[in-house]
Amino acid sequence: MIDWSNVTASGYRELGLKPEELQRSRCVLGFFPVIYYSILLCVGVPVNILTAVALCRLASRTKKALYYYLLAVTCSDILSQLFIIFVGFLLETAVFHRDVPELLLHSVSAAEFAANHASIWSAVPLTVDRYVALCHPLLHRQISYPARTRRIIAAVLALSLVSGVPFFWWSDMWRNSHPPTALDTVLVWTHVTIIYFLPCSIFLVLNSLIIHTLKAAALRGGARAPPRRLGKTTAMLLAITSVFSVLWAPRTVVVIYHLYVSSVHRDWRVHLAYDLSNMLAMLNTAVNFFLYCFVSKPFCGAVRDVLLLGGGPLYPRRTRPHPQAPTDASISSLYSGNNKRLQRDSTPLSPRRARKPS
């Protein structure tokens, strides 16, 4: 969630508190968050749209599960940018100054959480797919195909949408000054478990197994065998999950700290930490494009084709030379046929054929 420190007078009246009683912490960053999120939105949305078009081309041509999963992650990032940054932050706080119906605020909050969950959990099937491909290749050939991949992505998106419904009752950290209730505690722990602890645990376990499998294969090969290099797909997976774990860790810590130690509403240091952690977390929705370009040459080629409006094939088709063996065989057979014909013509007739009928 992206929250702004502004509270209208109607909000104070609803709480039954006077402004001097609230002792509200000030926003140290001023208008910098507005500028930051505006730049992030103007850069991130076009970049993600370009990424989605390039991945769509790669998925349609190669039929690889990797590109379908990355396409799902990119589309979820676009939804996160639109709901969290554009609607939740810029419109509600910077434009309307929270003077909007409370039902609309809670509805947008549920949509923000659903988009956030979809953006994070779309990378989980990708990690499972890479683990099965490297550790159980025979099984991967049986279960990995485009139709199954699309069904898995649809199930993940549907579950993400359902998981956002309970957060309709999410308590606003900026507006509510009362101590956290039992419902707030349950929602906060559910939130940090869904967006961080559970997916990071899956990433850590499966990535560790992948790296262990690669090292074990290198040791079995011995010194004479060439070292098994880390594949580009695996490198891309490790980059995505590592960046996510680093960028979302501060926000998870600040949310738990707000719940048990000090409130964002009163302590300006927690206020500042929450602003900065939100900025880092939302940066995760715009950095994947650069990771893909750095790791994947096919992706760079697809982006180049999209920018140059090229519709050529992904990999240039080389004209294969005609096989010489069949041609030589046909020519030799032709020569042998002619030779046989010449030999037959030059061979004298047998006495029976030479004898004329009487």
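This report looks at helix H10 and what it packs against in a predicted model.

Start with the helix pairs. Two packed helices are described by the angle between their axes and the distance between the axes. Here is how that works out for H10 and two partners:

| Helix pair | Axes come within | Crossing angle | Residues in the contact by class |
|---|---|---|---|
| H10 (residues 232–260) and H11 (residues 268–283) | 8 Å | roughly 145° | 13 nonpolar, two polar, one charged |
| H6 (residues 123–135) and H10 | 11 Å | roughly 145° | three nonpolar, four polar, one charged |

H10 and H11 cross in a left-handed way. On the H10 side, the contact is made by Leu-247, Trp-248, Pro-250, Arg-251, Val-254, Val-255 and Tyr-257. H11 brings Val-270, Ala-273, Tyr-274, Ser-277, Asn-278, Leu-280, Ala-281, Met-282 and Leu-283.

Now for H6, which also passes H10 in a left-handed crossing. From H6 come Leu-126, Thr-127, Arg-130 and Leu-134, and they meet Thr-233, Thr-234, Leu-237 and Thr-241 in H10.

Then there's the surface. Trp-189, Phe-197, Tyr-257, Tyr-260 and Val-261 make up a nonpolar patch there, and together they have about 510 Å² of accessible area. Helix H9 (182–221) supplies at least two residues of this patch, and so does H10.

One residue is worth picking out if you're clicking through the model: Tyr-257. Tyr-257 sits in helix H10, takes part in the contact with H11, and belongs to the nonpolar surface patch too.

Definitions and conventions:
Residues numbered from 1 in each chain as written. Predicted model: local features only at pLDDT ≥ 70, side-chain atom pairs only at ≥ 80, totals over all residues. Heavy atoms only, no water. Axes fitted to C-alpha atoms, helices over the stretch in contact; angles between N-to-C directions. Left-handed = near helix turned anticlockwise from the far one by under 90°. Contact = heavy atoms within 4.5 Å. Nonpolar A, V, L, I, M, F, W, Y, C, P; charged D, E, K, R; others polar. Patch = residues over 30% accessible without salt bridge, like charges linked within 9 Å, V, L, I, M, F, W, Y side chains within 5 Å. Areas by Shrake-Rupley, 256 points an atom, 1.4 Å probe, with all protein chains shown as cover. Salt bridge = Lys/Arg side-chain N within 4 Å of Asp/Glu carboxyl O.
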